[in-house]
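Open the model in a viewer and keep the selection tool at hand. The stops below go from charged pairs to the residues around them, and then to the interior.

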Amino acid sequence: SATATALAVASCEEPGHWDVVLDATPFHPQGGGQPSDIGLLVAGEREFDVVRVHAEKSGVVHHEIRHAGTVAPFAAGATVECKVD
């Protein structure tokens with residue numbers, strides 16, 4: 001596992017899914033015909049399933065997590081633990 005800081009947290013088009021950008025990540029994004037890594041982001045006592053990871057051409061990596069709430073699961077600036085399955 002690794003520790004990272006959330007730079008941005010935003011809702012996705014798909015209900016119950018959120019997009020998280022971190023300052024660093026151990027998750028390998030989807031690409032070249034390979035699926036992305038999956039695992040967990042842990043913020044405090046709460047765990048969120050990472051269901052997809054993709055990278056923009058600019059290199060920014062997006063982590064799609066499951067969270068049923070309508071309010072962001074944590075704020076930008078939060079420290080999260082990254083656990084790759």
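This is a predicted model, and it holds two salt bridges.

**Stop 1: R66 and D49.** Select R66 and D49 and show their side chains. They meet in a salt bridge, with an N to O distance of 3.6 Å. R66 belongs to strand 5, residues 61-66, and D49 to strand 4, residues 46-55; the pair links distant parts of the chain, 17 residues apart. How accessible is each partner, R66 and D49? R66 has a relative accessible area of 47% and is partly exposed. D49 is also partly exposed, at 36%.

**Stop 2: R52 and E64.** Next select R52 and E64, whose side chains form a salt bridge at 3.9 Å, N to O. R52 is in strand 4 and E64 in strand 5, so this pair ties together parts that are twelve residues apart in sequence. Is E64 buried or exposed? E64 counts as buried because its relative accessibility is 14%, under the 20% limit. R52, at 31%, counts as partly exposed.

**Stop 3: H17.** Keep E64 selected and add H17, a residue of strand 2. The side chains of H17 and E64 are joined by a polar contact of 2.6 Å. E64 therefore takes part in a salt bridge with R52 and, in addition, in this polar contact with H17. H17 is buried, with a relative accessibility of 11%. Now expand the selection around H17, leaving out residues up to four places away in sequence: H17 touches S11, C12, V51, E64, I65, R66 and H67. Among them is R66, the salt-bridge partner of D49 from the opening stop.

**Stop 4: the largest nonpolar core.** Clear the selection and pick V20, L22, L41, I65, F74 and V80. Of the 17 residues in the largest nonpolar core, these touch the most other members. Colour by strand to see where the core comes from: strand 1 (2-11), strand 2 (17-22), strand 3 (39-43), strand 4, strand 5 and strand 6 (79-84) each supply at least two of its residues. In soluble globular proteins, nonpolar side chains tend to be buried together.

**Stop 5: L22.** Finish by centring on L22, one of the core residues just selected. Which residues is L22 in contact with, leaving aside neighbours within four places in sequence? The contacts of L22 are A4, T5, A6, L7, L41, V61, H63, V80 and C82. Among these, L41 and V80 were also in the selection at the previous stop.

Definitions and conventions
Residues are numbered from 1 along each chain as its sequence is written. This is a predicted model: local features need pLDDT of at least 70, side-chain atom pairs count only at pLDDT 80 or more; totals for chains, interfaces and linings use all residues. Side-chain values use heavy atoms; hydrogens and water are left out. A salt bridge is a side-chain nitrogen of Lys or Arg within 4 Å of a carboxyl oxygen of Asp or Glu. Helices (H or I, at least four residues) and strands (E, at least two) are DSSP runs, numbered from the N terminus. Buried means under 20% relative accessible area, exposed over 50%, partly exposed in between (1.4 Å probe, protein chains only). A nonpolar core is a set of buried Ala, Val, Leu, Ile, Met, Phe, Trp, Tyr and Cys residues joined through side-chain atoms within 4.5 Å. Contact means heavy atoms within 4.5 Å. A polar contact is a pair of N or O atoms within 3.5 Å; within protein, one must be able to donate a hydrogen and the other to accept it, and residues adjacent in sequence count only if both atoms are side-chain atoms.
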